[in-house]
Every structure is written in C-alpha cells, then in structure tokens.
Amino acid sequence: MTIEAIKQRHSVRKYIHKPLSTEIVRALEEKILECNKEGGLHIQLLAQALGLNTCWAGLSYRKVNEAYKIEKGEKLTCMIALGYGESQGVSHKIKTMEQMSNATSNSPSWFRKGVEAALLAPTAINQQKFSFFLQDQEGTKAGCKPKVLAKRGFSMVGYTKMDLGIAKLHFEIGAGKENFKWVVKKG
C-alpha cells in the first residue's frame, strides 16, 4: 500500500456490475495469503492500488454464508465490500493533527507524515477514536529509535481495536517503519 492509495481511498457503497479480472483476483489472493501468514489471520478477500473501491462494515452488513467460511474458534468481525464503484467516494470529515497527537511544528517530519496518514485511515462510522504520541526524544539513548505510543479511545459502537490497527498501519506507511519503534504496553 502506498501513500498515494491512502490519499485516494474513500468508502464506496455503490458498485457497478463488472466482474473482477483473474489478474486482480490473483493479486488480492496473494496479498491476503501474505497478510494471513504474517499476522496469524484468516482474511478471506483488499485494493485501491488495483483500481478497485472498498468499504468495510462491522455493523451494517448482511451475512452471506457462501461468501466466506468461518473455522472453529474464529469470529466474523467485519466485511469488506470490494469492486468497481459507481464513483470514487467522497472525503469524510477528519480530526486535526492536534486533536489526534502531540505533534507540533517542531516535531520530526516523519512523525507528522505518520499522523497525517493515520488520519486518512478508514474507521468504524468515521469515529477516529485513536491518538499517537511521540515519546520524549531527549531521553532517547544514542543510536536508539524514537518511540511512538498509539492509544485507542472509547466508543459505544466498538471496533476501536480494529480501527487502531488500521490507523497504525497507515501511520507506519506515512512515517516509515525505519524511523521509530512502537511503545509496547504490558497489561
């Protein structure tokens, strides 16, 4: 996923009746296998960079048993609509960098770019219940990477763990994974 795809992607809820090509399906399946192996997941069919449109839904979808298989011990958490949209969707209102982070004009550009990318992440009902904090760099030992803390907020709707995961991926793409380390909270 590139920063360009992040900037272009918007939720699309209406699609035209046009089947996906074999090449696009194969590319999706390969990426899904890679993600499933790396994350211990069971994703079953993602894709702006391939010219497709998407919209993920956690609450407002109709279950179609033929579309997926739930293995023992698994739980269906969301569905992703995928196809050729009637339109490219529209931008949704997003929070400001100041509302979602401790970024200032003096913050490193990689941190600001990471927050900007995270603000474009799709979230359940566009709630954006997450925040990013650059930890005190003065206390960073020589040769150590700066640390970033990602926190999720509370929501009556839920899905904040999933939202935070998507936002963290967007942050990594915008900031560059090589520029920082995540703060890992125990407990």
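## A buried residue in the first helix

Alanine 5 has a relative accessible area of 9% and is buried, because any value under 20% falls in that class. This residue belongs to helix H1. Leaving out residues up to four places away in sequence, alanine 5 touches Gln48 and Ala49. The model described here is a predicted one.

## Overall organisation

The protein chain contains five helices and five strands. In sequence order, these elements follow the pattern α-α-β-β-α-α-β-β-α-β. The chain has 187 residues, of which 33% count as buried.

## From helix H1 to helix H2

Serine 11 lies in the loop that joins H1 and helix H2, the latter spanning 22-39. With a relative accessible area of 33%, serine 11 is partly exposed. When neighbours within four places in sequence are set aside, the contacts of serine 11 are Thr54, Cys55 and Gly89. Two of these residues, Thr54 and Cys55, reappear below among the buried residues of strand S1.

Isoleucine 24 is part of helix H2. The relative accessibility of isoleucine 24 is 13%, and this residue therefore counts as buried. Apart from residues up to four places away in sequence, isoleucine 24 touches Leu50, Leu52 and Tyr84.

## The pair of strands S1 and S2

Strand S1 covers residues 53-57, and five of its five residues are buried, so the strand is largely enclosed by the rest of the structure. Both faces of S1 are covered. On one side the buried residues are Asn53, Cys55 and Ala57, and on the other they are Thr54 and Trp56.

Strands of a sheet pair through backbone hydrogen bonds, in either a parallel or an antiparallel sense. S1 pairs with strand S2, residues 79-83, in the antiparallel sense, and five bridges connect the two. In one of these pairings, alanine 57 has methionine 79 of S2 as its bridge partner.

## The three-stranded sheet

Three strands make up an open sheet with mixed pairing, in the order S3-S4-S5. S3 and strand S5 (181-182) occupy the edges and have a single partner strand each, so one side of each lacks a neighbour in the sheet. An edge position in the sheet does not leave S3 open to its surroundings: four of its five residues are buried, so S3 is largely enclosed by the rest of the structure.

S3 and S4 run antiparallel and are joined by five bridges. Across this pairing, phenylalanine 132 stands opposite alanine 150 in S4, and phenylalanine 133 stands opposite leucine 149 in S4.

## Helices across the sheet

Two helices lie across strands of this sheet. H4 lies across S3 and S4, and its direction makes an angle of about 175 degrees with S3. H5 lies across S3, S4 and S5, and runs at about 150 degrees to S4.

Which residues of H4 are buried? In this helix, which spans residues 109-119, they are Trp110, Phe111, Gly114, Val115, Ala117, Ala118 and Leu119. These buried residues pack against three helices and two strands: helix H1 (3-8), helix H3 (97-100), helix H5 (160-175), strand S3 (130-134) and strand S4 (147-152).

## The packing of H4 and H5

Two packed helices are described by the angle between their axes and by the distance between those axes. For H4 and H5 the angle is about 140 degrees, and the axes are 7 Å apart. That angle makes H4 oblique to H5. The crossing in which H4 passes H5 is right-handed.

Where do the two helices meet? H4 contributes Trp110, Phe111, Lys113, Gly114, Val115, Ala117 and Ala118, and H5 contributes Ala167, His170, Phe171, Gly174 and Ala175. Sorted by class, the residues of this contact are eight nonpolar, three polar and one charged. Lys113 belongs to the charged class, because Lys is counted there together with Asp, Glu and Arg.

Notes. Residues are numbered from 1 along each chain as its sequence is written. This is a predicted model: local features need pLDDT of at least 70, side-chain atom pairs count only at pLDDT 80 or more; totals for chains, interfaces and linings use all residues. Side-chain values use heavy atoms; hydrogens and water are left out. Buried means under 20% relative accessible area, exposed over 50%, partly exposed in between (1.4 Å probe, protein chains only). Contact means heavy atoms within 4.5 Å. Axes are lines fitted to C-alpha atoms, for helices over the stretch in contact, and angles run from 0 to 180 degrees between N-to-C directions. Angles under 35 degrees count as roughly parallel, over 145 as roughly antiparallel, 65 to 115 as roughly perpendicular and the rest as oblique. A crossing is left-handed if the near helix is turned anticlockwise from the far one by less than a right angle, and right-handed if clockwise. Two strands pair if DSSP finds at least two bridges between them.
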